Amino acid sequence: MKIAIFPGTFDPLTLGHIDLIKRGRALFDQLAVAVMTNTSKTPLFTIQERVEQIREATAGMDNVSVITTSGLTVKLMNKIGADYLMRGLRNTTDFQYERDIATMNKFLDHDVETVFFLADPQYQHLSSSLLKEVAISGGDISAYLPGKINEALEQRLKERQLKRATDD
Ligand code: ADP
């Protein structure tokens, strides 16, 4: 049984992530999307909100589960019996960062194999942070967000009064 984990911040989940989840679930028997809490980024959505958003967007994908952890990814992998760690590559900046993480994970646990997916050209310019920046400045990014995530994002920006006036 090939079990993979796809760890990330997913703040919020984008169609770029969904594309990877679909490709990963076709390759592996089981795929656990792991919302990681130990990130230096300050998230817009809580862990529970992100878990719910991903559950909704992956409903019907029978071999996909959504989990969360604050610890080391390799420890979580051992706990759930995963040997493969999935990550996406959009550009050379991603590559350099991801190579270091993959090498460190291999050092921590030699059995962990990181599998990289090249971003689909239609999504390779997408990151959660870029989408948030554009939304804050009043741009319509709904085409890149699954389900009701765009509405949730608009709502959260309003609540936090993060949206800039569009005419400045
Ligand atoms: P992290 O903070 O761990 O980088 P992200 O949610 O930003 O979390 O990304 C999780 C994973 O998804 C990373 O491997 C990232 O490279 C990949 N990813 C993000 N956006 C895209 C995209 N548009 N296409 C392909 N992979 C992507």
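**Reading the ligand site and its pocket**

Me: How should I read the polar surroundings of the ligand, and which residue has a polar backbone atom 3.2 Å from a nitrogen atom of the ligand?

Reply: A polar contact is a pair of N or O atoms within 3.5 Å, and here a polar backbone atom of Leu126 lies 3.2 Å from a ligand nitrogen atom. An N or O atom in the side chain of Arg90 is likewise 3.2 Å from a nitrogen atom of the ligand, while a backbone N or O atom of Gly88 is 2.7 Å from a ligand oxygen atom. The protein covers 92% of the 550 Å² of accessible area (Shrake-Rupley method, 1.4 Å probe) that the ligand has on its own. This is a predicted model, in which local features need pLDDT of at least 70 and side-chain atom pairs count only at pLDDT 80 or more, whereas totals for chains, interfaces and linings use all residues. Residues are numbered from 1 along each chain as its sequence is written, and side-chain values use heavy atoms, with hydrogens and water left out.

Me: How many residues surround the ligand, and which are the closest?

Reply: Counting residues with a heavy atom within 4 Å, 17 surround the ligand, and the closest are Thr9, Phe10, Lys41, Gly88 and Tyr123. This shell divides into 7 nonpolar, 5 polar and 5 charged residues, with Gly counted as polar.

Me: Where does the ligand lie with respect to the pockets?

Reply: The ligand takes up the space of the largest pocket, a pocket being an open set of points on a 1 Å grid with protein on both sides within 12 Å along at least five of seven lines. The elements giving two or more residues to the shell around the ligand are β1 (3–8), α1 (15–27), β4 (84–89) and α4 (92–108).

Me: How many residues line the largest pocket, and which element gives the most?

Reply: The lining has 45 residues, of which Gly8, Thr9, Lys41, Arg87 and Tyr97 lie nearest the pocket centre. Two or more lining residues come from each of β1, α1, β4, α4 and α5 (128–136), and α4 gives the most, with 9. By class, the lining has 17 nonpolar, 19 polar and 9 charged residues, and the pocket holds about 1,200 Å³ of space.

Me: What backbone feature does Phe10 have?

Reply: Most residues other than glycine have a negative phi, and most peptide bonds are trans. Phe10, in the loop between β1 and α1, has a positive phi of about 50° although it is not a glycine. Pro12 is placed in the loop between β1 and α1, and the peptide bond from Asp11 to Pro12 is cis, with omega near 0°.

Conventions. Polar contact = N/O pair within 3.5 Å; in protein donor to acceptor, adjacent residues only side chain to side chain. 1 Å grid on protein atoms, 1.4 Å probe; cavity = no way out; pocket = protein on both sides within 12 Å on 5 of 7 lines; lining within 4 Å. Sits in = over half its atoms within 2 Å of the grid points. Helix = DSSP H or I, 4+ residues; strand = E, 2+ residues; numbered from the N terminus. Points joined across faces, edges and corners; volume = space filled by probe spheres on them.
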